[in-house]
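Student: I've got this model open on my screen and I'd like a close look at one part of it. Could you walk me through a single helix, and then show me how the rest fits around it?

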Amino acid sequence: MTQPTLDAFQVIGDPSRRKMLMLLSKKSMTINGLADNFKMSRPAVSKHVKMLYGAGFISITNIGRERHCTLKKDGFEELQSWISYFDKFWTTKLKKLETLLNNKLSN
């Protein structure tokens, strides 16, 4: 059975995964190092890490017996693309409003 693909927003929808991303923004960490910051089991942390990995937010490198997690930009690009769309939308709306107000003031 194939696992359903989650989009970036579903992945960051969980507060624990957002906290993991914040921790990894400061430095690369092992999965055990991440687990030390949460009141959940190591297997639960591993499931969250797997989701972050699957969505392209992190890379995992095996060094000896340790698995090191590092941020990647791939998952963030999906978020940025979506946000940029609405940035353009609101910029256009605000420019139209500015033009309208300027026309009202000059008349």
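Tutor: Sure, let's start with S25, which is found in helix α2. Keep in mind that this is a predicted model. S25 counts as partly exposed because its relative accessibility is 47%, a value between the 20% and 50% cut-offs. If you want a long-range marker, look at L6: it sits 19 residues from S25 along the chain, and the two C-alpha atoms are separated by 22 Å.

Now slide along to S16, another residue of helix α2, which covers residues 15-26. S16 has a relative accessible area of 18%, so it is buried; the limit for that label is under 20%. Which residues does S16 touch, leaving out those up to four places away in sequence? They are F38, M40 and H48.

How far can you trust this part? Within the protein chain, α2 has the highest confidence, at 97, while α5 has the lowest, at a mean of 89. Across the protein chain the average pLDDT is 91, and 96% of the residues score at least 70. Where pLDDT is low, the predicted coordinates should not be read in detail.

With the helix in hand, let's turn to the sheet. This is an open sheet of 3 strands, in the order β1-β3-β2, and the pairing is antiparallel. β1 (29-30) and β2 are at the edges with a single partner strand each, so one side of each has no neighbour in the sheet. Strands of a sheet pair through backbone hydrogen bonds, either parallel or antiparallel.

Take the β1 side: β1 and β3 pair in the antiparallel sense over 2 bridges, and T30 stands opposite H68 in β3. On the β2 side, 6 bridges join β2 (residues 58-63) to β3 (residues 66-71), again antiparallel. To get your bearings there, find I60, which faces C69 in β3, and then I63, which stands opposite E66 in β3. The hairpin of β2 and β3 has 2 residues between the strands, and G64 takes a positive phi near 65 degrees there.

Last stop is the surface. A nonpolar patch there has about 1100 Å² of accessible area in total, and its members include F9, W82, Y85, F89, W90 and L97. Which helix gives the largest share of this patch? That's helix α5 (residues 74-106), with 10 residues. L97 is a handy one to click on, as its place is in helix α5. L97 counts as partly exposed because its relative accessibility is 41%.

Methods. Residues are numbered from 1 along each chain as its sequence is written. This is a predicted model: local features need pLDDT of at least 70, side-chain atom pairs count only at pLDDT 80 or more; totals for chains, interfaces and linings use all residues. Side-chain values use heavy atoms; hydrogens and water are left out. Patches are made of residues with over 30% relative accessible area and no salt bridge: like charges are joined within 9 Å, nonpolar side chains (Val, Leu, Ile, Met, Phe, Trp, Tyr) within 5 Å. Accessible areas come from the Shrake-Rupley method with a 1.4 Å probe; for residues, only the protein chains shown count as cover. A salt bridge is a side-chain nitrogen of Lys or Arg within 4 Å of a carboxyl oxygen of Asp or Glu. Helices (H or I, at least four residues) and strands (E, at least two) are DSSP runs, numbered from the N terminus. Buried means under 20% relative accessible area, exposed over 50%, partly exposed in between (1.4 Å probe, protein chains only). Two strands pair if DSSP finds at least two bridges between them. Contact means heavy atoms within 4.5 Å. pLDDT is the predictor's confidence in each residue, from 0 to 100.
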